[in-house]
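This report takes a brief look at selected strand residues and at the packing of some helices. Please keep the sequence and the structure at hand while reading.

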Amino acid sequence: MNLRHLFYFWKVANAGSVTRAGEELHLTPQTVSGQVQQLERDLGRELFMRRGRRLELTEDGKFVLGYAKEIFALQSELEVMVRQQRTGRPSAFRIGVADAVPKTLAYRLLEPALQLPNPHRVVCTEWRLDSLLSELAVHRLDLVVADLPLPDTAEVRAFSHRLGDSPVSFLAEPSLAERCRRQPFPGCLDGAPMLLPGSDSAMRAKLVRWFGKLKLRPRVVGEFDGSSLMAAFGETGFGVFAAPSVLAEELHERHGVVQIAETRDIMAEYFAISVERHLTHPCVQAITQAARHRIFRAAAA
């Protein structure tokens, strides 16, 4: 397949007609039409159908257009990145953070990338893990930070690099925490108002299994996709919530919540997912080294 033919097809699809595409390309309509027809012959599919004076994409045309958009978007991005390197402007480091990763922890993990001698412009995206992995697969992201390794079912060739783990603390507003401490842990959680992470969080599944193993039945009063919102509700005394112990002190300073108890039966784990088997990007190296030797090392001490 000739990429020039694909480019002309892309321009016609965006313009809605061969004539307008020809005007943008400074080519005759016959030339543009001939290139598109050659692409259709190469693919063995009709990409357009005529509706009055306007061309409309066939289902095959819509399928091809999706790939054309990605190809020419990457081309434009490549041109921008090369120009930035030539002019000495910071290159972009694109990282995805899964929704389930606490934002305060995400900042701690990403901060070392901002402190490198050669500056990088950090472009951070927060999304569902499956969506982030799709972006990683087409190289729109350099790294994904998640609370679980690459799922076995993921249709992405990538590698999980363990950043570290932390015991889990149960936290609450001081008066609620004091009431819970009147009974031995973990039995004090039985019947206690509980705030749970959303269904996409690995922590959610671990908590549910742990409660079941110990035959505990906390009273679930809220479920939250975002850890910051869950901590805000916990601050009001609405319920007890679980968080990585590495964040317990910061959560106390920000939200006034205190620790009821800590358990190592549940460990909060975090991973860097990359298309690289051996990490070479300086930002990724800075993140992984800081996580393993400073952030999570303190939690393990």
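## H161 in its strand

H161 has its place in strand β6. The model is predicted. Is H161 buried or exposed? Its relative accessibility is 10%, so H161 counts as buried; the cut-off for buried is under 20%.

The side chain of H161 has a polar partner in the backbone. One of its polar atoms lies 3.0 Å from the backbone oxygen of E276. E276 also appears among the residues that H161 touches. The others are F271, A272, S274, R277, L279 and R292, with residues up to four places away in sequence not counted.

## S169 in the same strand

Strand β6 spans residues 159–172, and S169 lies in it. S169 counts as buried because its relative accessibility is 0%.

Which side chain makes a polar contact with the side chain of S169? It is that of S245, at 2.7 Å. Residues up to four places away in sequence aside, S169 touches F241, A242, A243, S245, A248, Q259, A261 and E262.

## Helix α1 against helix α3

Two packed helices are described by the angle between their axes and the distance between the axes. Helix α1 covers residues 3–15 and helix α3 covers residues 29–43. Their axes come within 8 Å and cross at roughly 115°. The two helices are therefore roughly perpendicular to each other. The crossing of α1 and α3 is left-handed.

Which residues meet here? From α1 come H5, L6, Y8, F9 and V12. From α3 come V32, Q35, V36, Q38, L39 and D42. By class, the residues of this contact of α1 with α3 are seven nonpolar, three polar and one charged.

## Helix α1 against helix α2

The axes of α1 and α2 come within 8 Å and cross at roughly 120°. That angle makes α1 oblique to α2, because roughly perpendicular covers 65 to 115 degrees. The crossing of α1 past α2 is right-handed.

On the α1 side, the contact involves F7, Y8, K11, V12 and A15. On the α2 side are V18, R20, A21, E24 and L25. The residues of the contact of α1 with α2 divide into seven nonpolar, three charged and no polar.

## A15 in helix α1

A15 has its place in helix α1. With a relative accessibility of 12%, A15 counts as buried.

A15 is in contact with R20, A21 and E24, its neighbours within four places in sequence left aside. These three residues are also among those of α2 that meet α1. Farther along the chain, L55 is 40 residues apart from A15, and their C-alpha atoms are separated by 9.5 Å.

## Helix α2 against helix α3

Helix α2 runs over residues 18–25. How do α2 and α3 pack, in angle and axis distance? The angle is about 110°, and the axes are 8 Å apart. That makes α2 roughly perpendicular to α3.

V18, T19, A21, G22 and L25 in α2 meet P29, V32 and S33 in α3. Five residues of the contact of α2 with α3 are nonpolar, three are polar and none is charged. V32 of α3 is met by residues of α2, and V32 also takes part in the contact of α3 with α1.

Note on methods: Residues are numbered from 1 along each chain as its sequence is written. This is a predicted model: local features need pLDDT of at least 70, side-chain atom pairs count only at pLDDT 80 or more; totals for chains, interfaces and linings use all residues. Side-chain values use heavy atoms; hydrogens and water are left out. Axes are lines fitted to C-alpha atoms, for helices over the stretch in contact, and angles run from 0 to 180 degrees between N-to-C directions. Helices (H or I, at least four residues) and strands (E, at least two) are DSSP runs, numbered from the N terminus. Angles under 35 degrees count as roughly parallel, over 145 as roughly antiparallel, 65 to 115 as roughly perpendicular and the rest as oblique. A crossing is left-handed if the near helix is turned anticlockwise from the far one by less than a right angle, and right-handed if clockwise. Contact means heavy atoms within 4.5 Å. Ala, Val, Leu, Ile, Met, Phe, Trp, Tyr, Cys and Pro count as nonpolar, Asp, Glu, Lys and Arg as charged, and the others, Gly among them, as polar. Buried means under 20% relative accessible area, exposed over 50%, partly exposed in between (1.4 Å probe, protein chains only). A polar contact is a pair of N or O atoms within 3.5 Å; within protein, one must be able to donate a hydrogen and the other to accept it, and residues adjacent in sequence count only if both atoms are side-chain atoms.
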